Amino acid sequence: MLNKTTKSMKPYLAIIIGVISVSLSAIFVKLASAESGVIAFYRMLFSVLIMSPLFLIKYRHELKLLEKREWLFSSIAGIFLAFHFILWFESLNYTSVASSTVLVTLQPLFAFIGTYIFFKERASFQSIVAVSVALVGSLLIGWGDFRTSGTALYGDILALIACALITGYLLFGQAVRNRLSLMTYTMVVYSVSTICLFIYVLCMGQSFGPYEKTDWFWFVMLAIVPNLLGHTLFNWSLKWVSTNTISIAILFEPVGAAILALFIFNEKLMVSQVVGGSIIMVGIAMFVTDIKKVKSFFEKSIA
């Protein structure tokens, strides 16, 4: 019995570690002293270098499966991912960790809008309500940050654009992902993203180095912890738990990031951030869960 319980708890333990891992992303970015483009470049470069040995040994043959259209979509996905990181990391220079991370978490709702516009997917009443609720939360955070300073609102806008870009990355990658293993798809997109970021840093006249040892440490940690450890654990957990469970768990990323920022940077939360962030998470939770199943569960529990 104990072994069965321990086994069943493993995916949930992995999810908890995964949430903590992705929550550390914004913290590591703020601890590094380099410019946003440089941080993003080294995050992706080190991710690619760490993945390369396994990819070259076991998965490189899958590259032959990619058609021209899929190379194009993968390249667009990689470019979107690169600029997502640039804008999100830049937003952390202007607004708080709490505001930035909670606004980036709006990705499922941006995906809903994207699929409605481009694929004409029908919107359910529940989805419309969820988007409306999350929008109210976003406006509340923006209003609170604007009252604090105009630069904080600018950071919020950058975070929202970064959120839209990560949605584009997922939408373009969806078709390619169906035909390739996770490792090959990730390797292709991360490589394109790395090249794009290299060109960006070069064009912007930013420095590739030298940096302090602590900066190099944060670059590597960004690649290992949120990129490889966090998302790998989420993907591993999908063997035992539903996508909705992972989606709900990821909602705790802003909570973890805000708590860490409070202790590390002394970033205190405003009422508008707490209330707005809570409203956003309720909206996203409404969107990613099946209300009928939840209702059925409670009805059975009461009976």
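The chain contains 13 helices and zero strands, in what is a predicted model. Read from one end of the sequence to the other, the pattern is therefore an unbroken series of α elements, α-α-α-α-α-α-α-α-α-α-α-α-α. The chain has 303 residues, of which 47% count as buried. Its accessible surface amounts to about 16,300 Å², and carbon and sulfur atoms account for 70% of that area. The contacts show how the chain folds back on itself: among those between residues at least 6 apart in sequence, 89% join residues at least 24 apart.

One helix may serve to illustrate how length and residue count are related. Helix 8 covers residues 182-203, a total of 22 residues. At 1.5 Å a residue, such a helix should span 32 Å, and the separation of its end C-alpha atoms is 31 Å, which agrees. Helix 8 is followed by Gly 205, which has a positive phi, near 70°.

The interior of the structure can be approached through its nonpolar cores. The largest of these has 67 residues, and the members that touch the most others are Ile 39, Leu 81, Leu 106 and Phe 219. Apart from this core lies another, of seven residues, which include Ile 15, Val 19, Val 241 and Ile 246. Leu 106, in the largest core, deserves a closer look. When its neighbours within four places in sequence are left aside, Leu 106 is in contact with Ala 134, Ser 138, Leu 160, Cys 163, Ile 280 and Ile 284.

One of these partners, Leu 160, is placed in helix 7. Leu 160 has a relative accessible area of 28%, which means that it counts as partly exposed. Beyond its neighbours within four places in sequence, Leu 160 is in contact with Leu 103, Leu 106 and Phe 110. The C-alpha atoms of Leu 160 and Val 102 are separated by 9.6 Å, although these residues stand 58 residues apart along the chain.

Val 102 and Leu 103 both belong to the buried residues of helix 4. This helix, residues 97-104, is mostly covered, with eight of its eight residues buried. The buried residues are Val 97, Ala 98, Ser 99, Ser 100, Thr 101, Val 102, Leu 103 and Val 104.

Which residues does Asp 156 contact, leaving aside its neighbours within four places in sequence? They are Thr 95, Ser 99, Leu 103, Ile 141, Gly 142 and Asp 145. Asp 156 itself lies in helix 7, which runs through residues 150-177. Asp 156 is buried yet has no salt bridge, and the nearest side chain of opposite charge, that of Lys 30, is 11 Å away.

Lys 30 does, however, form a salt bridge with Glu 267, in which the closest N and O atoms are 3.0 Å apart. A search of the whole structure finds one salt bridge. Lys 30 lies in helix 1 (residues 2-31) and Glu 267 in the loop between helix 11 (253-264) and helix 12 (271-288), so the pair ties together parts that are 237 residues apart in sequence. The two partners differ in their exposure. Lys 30 has a relative accessibility of 30% and therefore counts as partly exposed, whereas Glu 267, at 16%, counts as buried.

The loop that holds Glu 267 is also the place of Asn 266. Most residues other than glycine have a negative phi, and most peptide bonds are trans. Asn 266 has a positive phi, near 60°, and is a residue other than glycine. As for the peptide bonds, a cis bond joins Gly 209 and Pro 210, with omega at about 0°. Pro 210 is found in the loop between helix 8 and helix 9 (213-237).

Two further pairs show residues far apart in sequence whose separation in space can be stated. Val 275 lies in helix 12 and is partly exposed, with a relative accessible area of 37%. The C-alpha atoms of Val 275 and Leu 140 are 7.8 Å apart, while the two residues are 135 residues apart along the chain. Gln 126 lies in helix 6, residues 125-148, and at 25% relative accessibility Gln 126 counts as partly exposed. Between the C-alpha atoms of Gln 126 and Gly 283 the separation is 9.7 Å, with their positions 157 residues apart along the chain given as the distance apart.

Conventions
Residues are numbered from 1 along each chain as its sequence is written. This is a predicted model: local features need pLDDT of at least 70, side-chain atom pairs count only at pLDDT 80 or more; totals for chains, interfaces and linings use all residues. Side-chain values use heavy atoms; hydrogens and water are left out. Helices (H or I, at least four residues) and strands (E, at least two) are DSSP runs, numbered from the N terminus. The expected span of a helix is 1.5 Å times one less than its number of residues. Buried means under 20% relative accessible area, exposed over 50%, partly exposed in between (1.4 Å probe, protein chains only). Lys and Arg count as positive and Asp and Glu as negative; His and the chain ends are not counted. A salt bridge is a side-chain nitrogen of Lys or Arg within 4 Å of a carboxyl oxygen of Asp or Glu. Contact means heavy atoms within 4.5 Å. Accessible areas come from the Shrake-Rupley method with a 1.4 Å probe; for residues, only the protein chains shown count as cover. A nonpolar core is a set of buried Ala, Val, Leu, Ile, Met, Phe, Trp, Tyr and Cys residues joined through side-chain atoms within 4.5 Å.
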